[in-house]
Amino acid sequence: MANASETSPSARRNRLVREPCADPSSELPRAGGHYMVMSYLEVGRCIRVGTLGEMNFLAGYYAYAGSALGSLEGRLRRHLGPPASRPRWHIDRLLQHASPLGAVWGVAQEGRECPLAEVLALRFLRIPRFGSTDCRCPGHLFYSHGLEDLLEGALEAFRTIGRIPQNNVKSCPG
């Protein structure tokens with residue numbers, strides 16, 4: 001029989017932080033396109049995010065809008081797998097503390113993720129300057145208290161910009 005402390009909600013959430021729910025070995029497109037990585041941060045914390053410095057993050061769910069016009073597969077495997085040993089992007093810094101839950105993506109040959117970010121900004125709290133140092137957007141990371149609402153918003157954003165969304169997002173216990 002399992003120890004009561006191992007089956008408590010707190011113990012399940014602690015496992016969530018250490019073990020990604022997303023399966024980076026799942027079928028991912030080799031084509032290029034745009035994506036939104038969904039993640040869960042169990043405990044609010046201050047995280048150093050490259051040149052942005054120290055940033056405060058609330059506990060909850062996050063969606064990061066990005067693009068990988070060469071190959072979605074490679075980029076999503078990086079974001080959905082174990083934390084990057086050498087962080088390159090802002091999202092790498094967050095994913096050192098948050099659990100990736102999966103991604104929503106749409107195949108595209110050109111363009112940027114900025115239109116996705118603008119659609120999400122109508123519905124969710126935008127994290128200023130995160131992920132947008134190479135464009136003029138106010139930010140490409142969004143916060144929500146609930147995964148279902150965030151996933152629905154991401155799917156809607158792809159449809160709004162004329163893309164057919166696919167996803168492998170999984171909710172986790174706790």
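Which strands and helices do the buried residues of α6 pack against? The views below get to that, starting with the whole chain and then moving in. Keep in mind that this is a predicted model.

**View 1. The whole chain, from helix to strand.**
The protein chain holds six helices and eight strands. Reading along the sequence, you meet them in the pattern α-α-β-β-β-β-α-α-β-α-β-β-α-β. Of its 174 residues, 50% count as buried. About 8800 Å² of the chain is exposed, and carbon and sulfur atoms supply 50% of that. There is plenty of long-range contact here too: among contacts between residues at least 6 apart in sequence, 72% join residues at least 24 apart.

**View 2. Helix α6 and what it packs against.**
Here is the answer to the opening question: the buried residues of α6 pack against strands β1 (33-41), β4 (60-68), β5 (99-107), β7 (141-144) and β8 (166-167), and against helix α5 (114-121). The buried residues themselves are L147, L150, L151, G153, A154, L155, A157 and F158. The helix covers residues 147-160, which makes 14 residues. At 1.5 Å a residue they should span 20 Å, and the end C-alpha atoms are indeed 20 Å apart, so the two values agree. Just after the helix comes G162, with a positive phi near 85 degrees.

**View 3. An open sheet of six strands.**
Follow the strands across and the order is β6-β7-β4-β1-β5-β8, with antiparallel pairing. The edges are β6 (125-127) and β8, each of which pairs on one side only. Helix α6 packs on this sheet, touching β1, β4, β5, β7 and β8, and its direction makes about 170 degrees with that of β1. Over at the β6 edge, three bridges join β6 to β7, and these two strands run antiparallel. To find the spot, look for I127, which stands opposite L141 in β7.

**View 4. Strand β1 and its two partners.**
How many of the nine residues of β1 are buried? The count is nine of nine, so to speak a full house. On one pairing, β1 and β4 are antiparallel over nine bridges, and L41 has G60 in β4 as its bridge partner. On the other, β1 and β5 are antiparallel over eight bridges, with V37 matched to A103 in β5.

**View 5. S39, a residue within β1.**
Zoom in on S39, which sits in strand β1. Is S39 buried or exposed? Its relative accessible area is 1%, so S39 is buried. Leaving aside residues up to four places away in sequence, S39 touches G60, Y61, Y62, L94, L95, A98, S99, P100 and L101.

**View 6. Two nonpolar cores.**
The largest nonpolar core has 25 residues, and those with the most contacts inside it are F57, L76, L94 and F130. The elements that give two or more residues to this core are β1, β3 (54-57), β4, α3, α4, β5 and β7. Take L76 as a way in: beyond residues up to four places away in sequence, L76 touches L28, Y35, V37, A103 and W105. Apart from this core lies another, of 22 residues, among them Y61, A65, F124 and V169.

**View 7. W89 in a loop.**
W89 is found in the loop between α3 (72-80) and α4 (90-94). With a relative accessible area of 25%, W89 is partly exposed. Not counting residues up to four places away in sequence, W89 touches R75, R78 and H79. Look for G131 as well: W89 and G131 are 42 residues apart along the chain, yet their C-alpha atoms are separated by 7.3 Å.

**View 8. R129 and its positive phi.**
Where does R129 lie? The place to look is the loop between β6 and β7. R129 has a positive phi of about 70 degrees although it is not a glycine. At 49% relative accessibility, R129 counts as partly exposed.

Definitions and conventions: Residues are numbered from 1 along each chain as its sequence is written. This is a predicted model: local features need pLDDT of at least 70, side-chain atom pairs count only at pLDDT 80 or more; totals for chains, interfaces and linings use all residues. Side-chain values use heavy atoms; hydrogens and water are left out. Helices (H or I, at least four residues) and strands (E, at least two) are DSSP runs, numbered from the N terminus. Buried means under 20% relative accessible area, exposed over 50%, partly exposed in between (1.4 Å probe, protein chains only). Contact means heavy atoms within 4.5 Å. Accessible areas come from the Shrake-Rupley method with a 1.4 Å probe; for residues, only the protein chains shown count as cover. The expected span of a helix is 1.5 Å times one less than its number of residues. Two strands pair if DSSP finds at least two bridges between them. Axes are lines fitted to C-alpha atoms, for helices over the stretch in contact, and angles run from 0 to 180 degrees between N-to-C directions. A nonpolar core is a set of buried Ala, Val, Leu, Ile, Met, Phe, Trp, Tyr and Cys residues joined through side-chain atoms within 4.5 Å.
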